[in-house]
Amino acid sequence: MNVSVFRLAALIFLCASNALAQGFAGLGQTTDGFALPSPDTRFAFPADHGAHNEFRIEWWYVTANLEDEAGNPYGIQWTLFRNALEPHGAESDQAWMAHAAVSTPNGHRFAERFARGDSGQAGVSAEPFEAFIDEWQMIGPNLNDIRLTAQGSDFHYDLKLDADGPFILQGEQGFSVKSEAGQASHYYSQPFYQVSGTITLPERVVEVSGRAWLDREWSSQPLTETQTGWDWVSLHFESGAKLMGYRLRDADGSAYTVGTWIGEDQTSRALQPGDLTMTASAWSTVEGREVPTTWDIAFPEQELQISVSAIYPDSWMGTLVSYWEGPVRVNGSHPGIGYLEMSGY
Amino acid sequence: MTPAMLTALLSHWKRRPFQFLTLIHGLALATALWSGVQAINAEARKSYDEAADTLTGGGLPNLVARNGLIAHETYIALRRSGWLVSPVVDGWIAGERGRVRLLGIDPFTAPSDSTIGTTIGPDSIGDTMGSEGAVLVNPATANRLGALNRTVREVATLTPGLALADLTVASDLMDQQGYNRLIVLPDQPLVQPDLEDIAPDLRTEQADTAEDLSRLTDSFHLNLTAFGLLSFAVGLFIVNGAVGLAFEQRRPVFRTLRALGASSRRIVALLIVELLSFAILAGAIGIVLGYLIASLLLPDVAATLRGLYGASVEGTLTLSPVWWLSGLAIATLGTGLASLNGLIQVARMPPLAPAKPRAWAMVNAGTMRGQLILAVVFLFAALAALAIGGGLVGGFVLLGGFLMACALALPAILAGILLYLSRFGRGPLSAWFWADTRQQLPGLSLALMALLLALAANIGVGTMVSSFRDTFTGWLDQRLVSDLYVSVETEEESSLLQDYLAERGLDVLPIWETEGDVRGAPAEIYGVVDHPVYESSWPLLSRSPDVWERLHDGEGALINEQLARREGLSPGDELELPGGWSTQVLGVYSDYGNPLGQVVIALPLLVGTYPDADKGDFGVLTDDPQRLRQELVAELGIPDEQMTDQAALKAFSMQVFERTFAVTGALNILTLSVAGLAILIALLTLSAMRLPQLAPVWALGVTRRKLAQLEFVRALLLAALTFVLALPVGIGLAWVLLTVINVEAFGWRLPMSLFPRDWIWLGLASLAAAGLASLWPSRQLAKRPPADLIRVFAHER
């Protein structure tokens with residue numbers, strides 16, 4: 001997701017003692033031998049929907065805001081991470097990690113999986129599109145028409161995703177800068193999915209429908225050493241416009257906040273630092289941590305002044321690399337729904 | 001008044017420090033041997049549990065193939081259908097000093113909270129994955145592994161004897177395609193197809209490796225425990241003697257205290273406090289000694305368990321508080337048992353009872369009769385155990401009952417013999433000698449019982465070990481027919497080697513095998529070629545007609561004695577083999593030293609049925625193994641360390657054998673020395689009380705020197721008689737060990753061979769021990785001032 005370009009790499013700094021993060025991000029913080037994102041790169045689809053093994057880290061990240069027939073809100077997450085342990089792109093040097101979650105009125109449930117690269121246990125192919133780990137699947141004919149399945153011991157979902165809009169290239173032609181120092185990633189999204197399907201819980205099967213948002217991102221560079229975490233949102237407004245925004249927090253208290261505005265006409269515009277402000281306004285205690293679950297977001301150019309609040313504040317991902325991720329409700333000048341991700345708390 | 005009473009009671013020990021030492025010594029020794037053995041057993045059990053935990057991924061169920069290895073495709077099919085399983089490669093690699101079990105695991109899917117998951121977790125992916133990946137071992141095992149052409153990283157928390165590596169590294173080291181097991185993770189996803197639909201060839205196996213290992217090693221530990229118990233019993237004889245004597249000698253003190261108004265309850269309470277503090281003191285000393293014994297014996301025990309069962313017990317002793325407490329508890333319990341009789345007597349003693357310490361040592365026909373009755377009871381218990389035949393425990397009940405019966409009957413039998421011998425006495429001195437010897441018997445009987453037990457154990461265990469060695473070496477000579485054993489790694493090397501040897505006209509005996517479950521327990525399945533050498537070298541315990549022709553025609557199988565006994569199989573029976581087929585049992589062969597069941601079938605049948613069988617080992621018949629070895633190195637490039645000649649193999653097998661019984665030998669000697677000490681103590685205590693008997697004889701003109709000589713001879717005589725009586729007991733013990741215990745414990749029956757020369761040495765040793773033990777009291781008597789003897793007549797008694 002998003003900022004997360006740097007998600008895993010950043011987590012190395014955030015939880016230096018965290019075994020997995022170190023193992024996953026591999027050897028040191030240099031990018032020796034790995035390809036670097038370039039502003040001159042132009043995406044070629046569907047090839048770029050597949051894996052870029054020459055880069056260190058990459059992911060396929062789907063979040064969806066769903067409702068059952070009675071109008072109860074649900075959220076789901078489906079994420080596949082690829083990490084190269086060595087450069088040069090060999091399949092055997094790839095390590096895979098995946099997270100899946102559902103946020104429901106009866107609580108947040110999640111699961112995670114790991115796989116080694118050359119085992120056949122996980123992988124991605126661009127055409128026909130398929131990303132999988134174990135029985136979890138994101139399978140197309142193509143990335144605009146996919147079936148999404150995942151499960152844990154206490155949930156299962158099987159969803160159909162159909163896009164009714166174009167892929168959105170983030171940053172400048174998909175080159176997304178992450179800090180003043182120039183760290184960057186390749187980043188594009190598909191925010192226009194219509195979703196329908198079922199969520200199965202041990203106690204019941206729920207028919208759901210709603211909207212989903214896919215993020216594709218790959219890079220080789222970690223965050224800067226002083227960046228301590230991030231707050232990221234993807235929002236669907238009732239008007240049809242959408243907003244992606246994130247805020248990279250620095251140890252000195254400052255933050256680097258950028259994003260992308262997607263108009264009702266499905267055209268996008270990269271926001272520059274300073275265009276967007278994100279301010280935490282209410283906090284919840286989750287798993288013994290204080291997490292800002294309500295944010296005030298302002299984007300003066302669009303006369304946007306909204307309050308984004310977690311629908312289920314308990315949406316903590318207690319995975320090996322842990323963070324908060326869950327559906328949000330948007331109130332204010334531009335009402336709507338969306339997803340919020342926060343790490344480093 | 002209590003402090004005064006306590007001072008009065010304790011003053012006894014101050015006046016008789018040697019008696020005090022005896023008591024503490026006996027109790028400490030008994031506790032030491034017992035807790036030493038317990039420490040060894042506990043350590044071994046802990047190792048088994050840890051190993052099982054590691055092997056099964058924390059006691060989780062495992063999926064195994066009904067036949068051979070699990071294909072990678074099957075594993076992926078399971079994962080992709082929603083079954084959370086983690087693959088394991090499990091095998092052995094050769095180290096410089098013995099084999100090491102190697103586990104290859106997949107850190108990505110291994111259960112995260114298990115030993116393997118945390119040891120080779122994601123944090124060590126960096127240095128364990130890939131072609132340069134490290135092998136992780138415990139430091140002690142690293143030493144055994146020696147130079148491996150891999151990075152070896154030491155991890156102190158790892159189970160000894162196990163090497164852990166990444167799946168691909170382990171597969172590479174073992175040259176194995178496929179997985180031995182799939183660990184089934186505890187939290188499975190919500191929606192799953194039936195296992196049968198995805199992988200019909202797999203079956204679930206509950207985590208029972210620890211049980212397997214403890215079942216295999218049970219007999220060994222039970223043997224150790226039995227020895228510990230025996231030593232404890234011998235130690236208790238000493239304590240019983242010392243406490244009984246101390247109570248008798250303190251009768252005047254008790255009487256005085258009672259006369260001064262102390263209640264008998266109070267005296268008993270104080271005596272209990274006194275004994276309790278002795279028990280704690282001696283227990284503490286015993287525990288320290290036990291720790292020393294355990295740490296001295298552990299390396300040998302570890303070598304035995306590894307050699308015999310492949311069970312790994314390494315590292316240092318770690319003692320739990322429970323162990324300390326149980327040591328103290330057993331010391332206290334033992335003291336209680338040994339002093340119960342004395343305490344009851346004190347409680348019942350009338351205040352005006354005469355002080356007559358001699359009564360303790362007087363012939364008591366009633367006691368002897370009681371002991372005889374008890375002996376008969378024990379004998380019946382033993383016979384009942386034999387008749388019912390309740391496995392290993394039944395065997396030990398038989399053993400214990402038999403030994404106790406013999407020990408209890410000893411005083412009566414000795415008395416009878418002495419009575420018979422006294423008929424040959426001539427002259428008054430001789431008559432007095434026999435009468436006096438009989439009268440001393442009760443005082444010495446406990447010590448003599450201890451000696452009998454120790455001697456019988458020595459003879460019995462010695463006979464068993466020697467019989468075993470005899471059979472084992474003969475069997476080894478017969479069974480190890482090949483002159484050179486060669487191991488190759490690839491199919492190409494294998495055919496190259498076979499061609500090379502065929503060209504030179506040498507006979508090659510492939511030693512190809514696979515492993516699988518036979519009747520629910522792990523077993524080895526070997527294939528043999530049609531070669532006359534088998535017929536001449538394999539001793540068959542039972543056979544059907546034309547056994548070898550039919551075996552080579554693929555009509556049946558030979559099985560080892562262990563499997564035959566365990567499953568009650570005999571020639572003609574049907575035997576189901578892995579892979580869902582069955583064949584006929586044609587014969588049974590002896591297979592000492594192997595804890596596993598074994599099946600031998602014709603080689604073509606093995607290769608046809610089990611294509612995955614290990615086909616890398618060969619035996620070669622040659623007149624000059626050394627030259628052939630050099631030629632194979634020079635011309636085929638087979639590394640020298642992949643070859644073993646017959647002599648080296650024999651030496652190794654014998655070394656394993658000798659180490660197995662080194663522990664038994666050590667415990668044997670310890671038990672015997674405890675018994676020797678018991679005699680010394682009994683004689684010393686008696687000598688102090690015997691003046692009233694000796695003084696009249698001295699007064700009649702027998703010199704002190706002569707009296708001392710008679711005392712010395714008496715000790716030798718009693719020891720010699722006990723030794724002679726111990727011989728049949730020991731042989732009986734050997735018989736029980738060989739035909740009951742061994743069959744139950746190991747699954748093989750051995751012929752008994754007697755070694756009378758060993759007995760002569762043992763007899764001399766026991767005479768020497770008794771002689772040494774009586775030397776001091778006799779010398780004391782010889783140098784006793786005549787005034788002491790005269791005073792006897794002036795004394796109130």
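**Exercise 1. A residue in a helix of chain B**

Leaving aside its neighbours within four places in sequence, which residues is B:Ile285 in contact with? Work it out on this predicted model, and say where B:Ile285 sits and how exposed it is.

*Solution.*
- Step 1: Start with the location. B:Ile285 belongs to helix α11 of chain B, which covers residues 264-309.
- Step 2: Look up the exposure. The relative accessible area of B:Ile285 is 37%. Buried would need a value under 20% and exposed one over 50%, so B:Ile285 is partly exposed.
- Step 3: List the contacts, setting aside neighbours within four places in sequence. B:Ile285 touches B:Ile24 and B:Ala28.
- Step 4: Compare sequence with space. B:His25 is 260 residues away from B:Ile285 in sequence, yet their C-alpha atoms are 8.9 Å apart.

**Exercise 2. Strand β6 of chain A and its partners**

Take strand β6 of chain A, residues 130-133. Describe the burial of its two faces, then find its paired strands and the turns that lead to them.

*Solution.*
- Step 1: Recall the pattern to look for. Side chains in a regular strand alternate between the two faces of the sheet.
- Step 2: Sort the residues by side. A:Glu130 and A:Phe132 are on one side of β6(A), with A:Ala131 and A:Ile133 on the other. All four are buried, and both faces of the strand are therefore covered, since buried means under 20% relative accessible area.
- Step 3: Go to strand β5 of chain A, residues 122-125. It pairs with β6(A) in the antiparallel sense over 4 bridges, and A:Ser125 is opposite A:Glu130. The connection is a hairpin of 4 residues.
- Step 4: Turn to strand β7 of chain A, residues 136-142. Here too the pairing with β6(A) is antiparallel, over 4 bridges. A:Phe132 has A:Gln137 as its bridge partner in β7(A).
- Step 5: Inspect the turn between β6(A) and β7(A). This hairpin has 2 residues between the strands, and A:Asp134 in the turn has a positive phi of about 50°. Keep A:Asp134 in mind for the next exercise.

**Exercise 3. Where chain A meets chain B**

Describe the interface of the two chains, from its overall extent down to individual salt bridges.

*Solution.*
- Step 1: Count the residues. Chain A contributes 28 residues that are in contact with 24 residues of chain B.
- Step 2: Add the area. About 1900 Å² is buried between the chains, 60% of it on carbon and sulfur atoms.
- Step 3: Tally the polar features. There are 9 residue pairs in polar contact across the interface, both residues at pLDDT 80 or more.
- Step 4: Ask which elements of chain A take part. Those giving two or more residues to the side that touches chain B are α2, β4, β6, β8 and β9. The largest share, 4 residues, comes from β4(A). By class, this side of chain A has 11 nonpolar, 11 polar and 6 charged residues.
- Step 5: Pick out salt bridges. Side chains of opposite charge can pair when their charged atoms come close. The interface has 4 salt bridges, and the structure holds 27 over all chains.
- Step 6: Examine A:Arg116 and B:Asp106, whose closest N and O atoms are 3.0 Å apart in a salt bridge. This pair crosses between chains, from strand β4 of chain A to the loop between β3 and α4 of chain B. Both residues are buried.
- Step 7: Return to A:Asp134. Its salt bridge with B:Arg79 has closest N and O atoms 2.4 Å apart.

**Exercise 4. Two salt bridges within a chain**

Contrast the setting of A:Asp231 and A:Arg249 with that of B:Arg627 and B:Glu631.

*Solution.*
- Step 1: In chain A, the side chains of A:Asp231 and A:Arg249 meet in a salt bridge at 2.9 Å, N to O. The pair links distant parts of the chain, with A:Asp231 in strand β14, A:Arg249 in strand β15, and their positions 18 residues apart. Both are buried.
- Step 2: In chain B, the closest N and O atoms of B:Arg627 and B:Glu631 are 3.2 Å apart. Both residues lie in helix α21, 4 residues apart, about one turn of the helix.
- Step 3: Compare exposure in the helix pair. B:Arg627 is partly exposed because its relative accessible area is 48%, whereas B:Glu631, at 13%, is buried.

Conventions. Residues are numbered from 1 along each chain as its sequence is written. Chains are lettered from A and ligands numbered from 1 in the order in which they are written. This is a predicted model: local features need pLDDT of at least 70, side-chain atom pairs count only at pLDDT 80 or more; totals for chains, interfaces and linings use all residues. Side-chain values use heavy atoms; hydrogens and water are left out. Buried means under 20% relative accessible area, exposed over 50%, partly exposed in between (1.4 Å probe, protein chains only). Two strands pair if DSSP finds at least two bridges between them. Contact means heavy atoms within 4.5 Å. Buried area is the accessible area (1.4 Å probe) that two parts lose on being put together, summed over both. A polar contact is a pair of N or O atoms within 3.5 Å; within protein, one must be able to donate a hydrogen and the other to accept it, and residues adjacent in sequence count only if both atoms are side-chain atoms. Ala, Val, Leu, Ile, Met, Phe, Trp, Tyr, Cys and Pro count as nonpolar, Asp, Glu, Lys and Arg as charged, and the others, Gly among them, as polar.
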